[in-house]
2 protein chains.
Amino acid sequence: MTIDDVAELAGVSIKTVSRVLNREPHVRDSTRLRVEAAAAKLNYTPNVSARALAGSRSYLIGLYYDNPSPGYVGQVEQGAMIACRKAGYHLVVEEMLETGSALRESVTALHARARLDGVILIPPLCDRPELLDALEAAKAAYVRIAPSFDLERSPYVFMDDRRAAYEMTAYLQKLGHSDIAFIGGPPDHVAAASRTEGFTDAMADAGLKVAKGRIQAGEFSFRSGREAGERLLDDPKKRPTAIFASNDDMALGVMAVANRLHIEIPNDLTLVGFDDSPSAQVVWPQLTTVRQPTAEMAANAAEILITRAGTEGGPRGRRLAFELIIRDSSAPPRGRR
Amino acid sequence: MTIDDVAELAGVSIKTVSRVLNREPHVRDSTRLRVEAAAAKLNYTPNVSARALAGSRSYLIGLYYDNPSPGYVGQVEQGAMIACRKAGYHLVVEEMLETGSALRESVTALHARARLDGVILIPPLCDRPELLDALEAAKAAYVRIAPSFDLERSPYVFMDDRRAAYEMTAYLQKLGHSDIAFIGGPPDHVAAASRTEGFTDAMADAGLKVAKGRIQAGEFSFRSGREAGERLLDDPKKRPTAIFASNDDMALGVMAVANRLHIEIPNDLTLVGFDDSPSAQVVWPQLTTVRQPTAEMAANAAEILITRAGTEGGPRGRRLAFELIIRDSSAPPRGRR
DNA sequence: CTAAAAGGTGACAGCGCTGTCGCCGAAAGC
DNA sequence: GCTTTCGGCGACAGCGCTGTCACCTTTTAG
């Protein structure tokens, strides 16, 4: 089953069939319909390898990651995959654990052997300058998801972390909390910094003072969340009524501490996270958190690559909306019920 | 950078380079070395599309899934990817949410356009007869991971669920537990049935009676675990000292119930799971469980596909070893400390 | 009403590799 | 010593498509 069969059945040359398949202009409508009918009748689908070899497109989009969180990667994958499938593309997933020149080499080799039409980069991999260098050297198009720096260097998609943190904080205030602690992420992480900013801005706008020690540094890991939780909860007299961890893993760390100290969530302590990772629903009580539009961001990234948008000038970033997910780990403080 | 460059540098024809690259025989060792040196010097990697078009192999392995658990899929992916990379293959991931004839059609279309060298199928997708039919019709090689039936139909890899459940039960007995409850999985799921069998066998071999109601049915979901947990724990007088949930999600369901009822794990109740899913480490206390060699199974599956093993007769199944992961959710019962 | 532009189509040459076949020389058999 | 085998290598023809260019037909402009 090749293009020749379709051409013969439609009574045109293979080139015309090719034109129809690729939605090129300069084909009479009647011809186009004839060809489409023939292709449909034969249930014909063009061969990807031949297209890739002859043309420039490979119909493959790469997804590179080094993120150890399978939930996050899975969501990205799914979003990207759906967008790919719509356009007849396929998704090639590659884990990139190397760093430095090894990373550079393996990317170069990869692109020499399979010319991907584009690559999606997710954090923290997307913030590796050597990767971007290698990709650019290989003339590969790439889109970053939630990158932290060099925003003008490539198209990217992101969500408004600051605003999300702001609204989550406002939600806690509306519940009646005023002594709210915050656990931040790595300071060099732009999204983390935005979340912290959103929190402090919301507190300031509400006229609430943030006492010393109420903002704890974290690393986005379960362990760092546990440590910050210990610092915040150890002294029964100095406990905040709510803790806002700037990602779910850290929130789970706090939850472990609370369990150990027999602090009941949400009765004794309101705890909220950020990311809506899969574990957020698996713990008890289920975690109030912010849903990142991970799958949508990935789908957008794939679309940008497929349509070759972002090649022209114009805004490089595409912002997507977040969503507050209210579950069982948040409630009004004791005095307010 | 093409094969011609290498041929020229090595002073041979492109066909000889091709032979060396494909490890074909009938090449003098000295020639082979010259070619390899030239290829290394030029940092040459053959073009996948051209190979696919000219030869029969596409150097692509598909991974099809419909499993909603991102942790599991992620592990499979990683194992398969590593095996692929070693052999210069790439992994194409596709989610297959369709069923029935829609599934058949989309698989057929997929294989018409991209001739994958092989496909890895993971549960529960690997137990869809229509999928297997479509794959066979498309003459695609496939390997199943932990399939439930028709074992002779294709090569597959699996682990010994019965033995793993047996050993976990023996471990609980050794801790001093004798009143152990078990939460099973869907009865039509072969692995689930094996786990139940391992549990009952271990109890019988230890001369322990399993009281009525001590074996609860589950669905492998968080929710079904919670429900089974409620049935087992609701009456304070009739609680078992240990619960063995036949997967981690259900164990987490039980844990949620225990939290709600203020039953302390592991002091008041030992709770163990099965799978070593990522969440098992994120909850508090961390869950004692059985590690499935998920990544290894996937790697083995990829290898079988790449080496075209399993084409000849011989055993279709490849068994891999499991591992007991002892964490903090298991301890001797109260009376024994 | 004629020239130029645009619309519509096909012939043909590759894309970068592998499969087939055929040639040459060296080892093996009589 | 002569044939036969086979190891070692290259020429050549595609794999199934797309890009280029050339050709013819219709429109549009002047």
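Analyst: Two residues are in contact if their C-beta atoms, placed from the backbone, lie within 7 Å. The model is a predicted one.

User: By that rule, how many residues of chain A are in contact with chain B, and with how many residues there?

Analyst: The cut-off is met by 38 residues of chain A and 39 residues of chain B. On the chain A side, the elements that give two or more residues are α4, α5 (70-86), β2 (90-95), α6 (100-113) and α11 (248-260). Eight residues come from α5(A), the largest share. By class, this side of chain A has 23 nonpolar, 11 polar and four charged residues.

User: What makes you say that the copies meet through the same surface?

Analyst: Of the interface residues of chain A, 100% are also interface residues in chain B, so the two copies use the same surface.

User: Why are the two copies said to be related as by a two-fold rotation axis?

Analyst: Two copies of a chain are related by a rotation about an axis and a shift along it. Here the rotation that superposes chain A on chain B is 180°, the shift along its axis is 0.0 Å, and the RMSD is 0.3 Å. The relation is therefore that of a two-fold rotation axis.

User: Why is β2(A) called largely enclosed?

Analyst: A residue is buried if 20 or more other C-beta atoms lie within 10 Å of its own. Six of the six residues of β2(A) are buried, so the rest of the structure largely encloses the strand. Both faces are covered: H90(A), V92(A) and E94(A) are buried on one side, and L91(A), V93(A) and E95(A) on the other.

User: How do you know which strand pairs with β2(A)?

Analyst: Two strands pair if DSSP finds at least two bridges between them. Strand β1 (residues 60-65) of chain A has six bridges to β2(A), and the two run parallel. One of the bridge partners is V92(A), which stands opposite G62(A).

User: Why are β7 and β9 of chain A placed at the edges of their sheet?

Analyst: The open sheet has four strands in the order β7-β6-β8-β9, with parallel pairing. β7 (215-216) and β9 (270-272) of chain A each have a single partner strand, so one side of each is without a neighbour in the sheet. For β9(A), three bridges to β8 (residues 242-245) of chain A satisfy the pairing rule, and L271(A) is the bridge partner of I243(A).

User: What strand order is found in chain B, and which strands are at its edges?

Analyst: Chain B has an open, parallel sheet of four strands in the order β7-β6-β8-β9. Its edge strands are β7 (215-216) and β9 (270-272), each paired on one side only. β6 (residues 180-183) and β7(B) are joined by two bridges in the parallel sense, and the rule asks for at least two. F182(B) stands opposite I215(B).

User: What counts as the surface near DNA strand D, and which residues are the closest?

Analyst: The C-beta atom, placed from the backbone, must lie within 6 Å of the strand. There are 25 such residues, the closest being I3(A), S18(A), A54(A), G55(A) and T16(B). α2 (14-21) and α4 (48-54) of both chain A and chain B give two or more residues each. The classes are 11 nonpolar, 10 polar and four charged.

User: Which residues are the closest to DNA strand C?

Analyst: They are T16(A), I3(B), S18(B), A54(B) and G55(B), out of 25 that surround the strand. Again α2 and α4 of chains A and B give two or more residues each.

Note on methods:
Residues numbered from 1 in each chain as written. Chains lettered and ligands numbered in written order. Predicted model: local features only at pLDDT ≥ 70, side-chain atom pairs only at ≥ 80, totals over all residues. Nonpolar A, V, L, I, M, F, W, Y, C, P; charged D, E, K, R; others polar. Least-squares fit on C-alpha atoms with pLDDT ≥ 70 in both. Buried ≥ 20, exposed ≤ 12 C-beta atoms within 10 Å, placed from the backbone.
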